[in-house]
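Let's take a walk through this fold, one helix at a time. Have the viewer open and follow along.

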Amino acid sequence: MRHSLLIHLHNEVKQVSWAIVDAAGRVIESATQVAIDTVPKRPAWVLIPGTEVLLTRADIPSKQRQRIVQAVPYALEEQLVTEVENLHFAVGKRDPQSGLITVAVIARARLEAYLQQLNAAGITPTLLSPDILAVPKPVEGWGMLYFDNVVLVRSGLDTGFAIESSCLSVVLQAALRDSQGLLPSQITVFKGSQMVEFLTELQALGL
């Protein structure tokens with residue numbers, strides 16, 4: 001039976017959680033908040049902290065992949081506070097409804113640090129993905145997970161954001177005030193750490 005290794009890098013340097021799952025998604029073995037050098041040495045799907053990644057979209061008319069890749073950094077330049085030369089852009093697919101190109105943006109130095117950390121531990125990543133996209137996406141609305149004092153919000157198949165829990169009220173109140181169409185019709189909250197505090201906060205916001 002084929003088993004896969006999933007690693008979640010935490011904000012704490014060299015602290016990770018990991019799990020080995022079978023083809024049906026059942027957890028065979030796991031550990032949380034451990035040193036990275038204790039992780040099994042095998043190819044892995046690696047989740048990186050969503051607080052380090054910007055998931056966005058770019059309007060690129062070209063249909064040629066190479067031209068899209070070249071144009072994306074400059075199409076997003078005005079949205080970014082860091083020079084594009086210091087950023088890594090992972091270009092996804094074109095959204096069939098909006099026609100926009102999905103993009104994940106991360107500081108190049110941060111990405112290289114993650115890769116060096118994994119390499120030093122003898123781990124080969126087969127895929128790097130923001131942990132936001134590991135939150136299940138409900139058929140309707142958003143999926144939310146409160147984890148390590150961070151709220152992971154999955155708003156679409158390839159969209160979402162991560163915010164520190166202390167900023168949750170400010171962000172959602174601003175969304176409610178400024179754009180009635182921004183918030184979903186419903187929010188599905190998945191089990192995570194500090195769940196009671198999270199639900200209480202959402203209830204206080206009328207969600």
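Which residues in helix 2 are buried? Keep in mind that this is a predicted model. The buried ones are Leu111, Tyr114, Gln117 and Leu118. They sit on the same side of helix 2, because they cover an arc of only 125° around the axis. Flip to the other side of helix 2 and you find Ala109, Gln116, Asn119 and Ala120, which are exposed.

So much for the two faces; now the helix as a whole. Helix 2 is made of 13 residues, and from first C-alpha to last it reaches 18 Å, close to the 18 Å expected at 1.5 Å a residue. Just after helix 2 comes glycine 122, with a positive phi of about 75°. As for what covers the buried residues of helix 2, the list includes strand 1 (3-9), strand 4 (44-48), strand 6, strand 7 and strand 8 (125-130).

Next, the sheet. Three strands form an open sheet in the order 5-7-6, and the pairing is antiparallel. Strand 5 (53-58) and strand 6 (87-94) are the edge strands, each pairing on one side only. From one strand to the next, the twist averages 25°. Strand 6 and strand 7 (residues 101-107) are joined in the antiparallel sense by six bridges. Arginine 94, for instance, has isoleucine 101 of strand 7 as its bridge partner.

Here is how the two helices meet these strands:

| Helix | Residues | Strands touched or crossed | Angle |
|---|---|---|---|
| Helix 1 | 65-75 | lies across strand 5, strand 6 and strand 7 | about 125° to strand 6 |
| Helix 2 | 108-120 | packs on the sheet, touching strand 6 and strand 7 | about 75° with strand 7 |

What about the nonpolar interior? The largest nonpolar core has 27 residues, and Ile7, Leu9 and Ile123 have the most contacts inside it. Two or more residues each come from strand 1, strand 2 (15-22), strand 4, strand 5, strand 7, helix 2 and strand 10 (150-154). Leaving out residues up to four places away in sequence, isoleucine 7 touches Val16, Ser17, Trp18, Val39, Ala44, Trp45, Val46, Leu47 and Ile123. Another core lies apart from the largest one; it has 13 residues, among them Ala58, Leu87, Val91 and Val103.

Technical notes
Residues numbered from 1 in each chain as written. Predicted model: local features only at pLDDT ≥ 70, side-chain atom pairs only at ≥ 80, totals over all residues. Heavy atoms only, no water. Pairing = 2+ DSSP bridges. Helix = DSSP H or I, 4+ residues; strand = E, 2+ residues; numbered from the N terminus. Axes fitted to C-alpha atoms, helices over the stretch in contact; angles between N-to-C directions. Contact = heavy atoms within 4.5 Å. Expected span 1.5 Å × (residues − 1). Buried < 20%, exposed > 50% of the residue type's maximum accessible area, 1.4 Å probe, protein only. Arc of directions from axis to C-beta. Core = buried A, V, L, I, M, F, W, Y, C linked by side-chain atoms within 4.5 Å.
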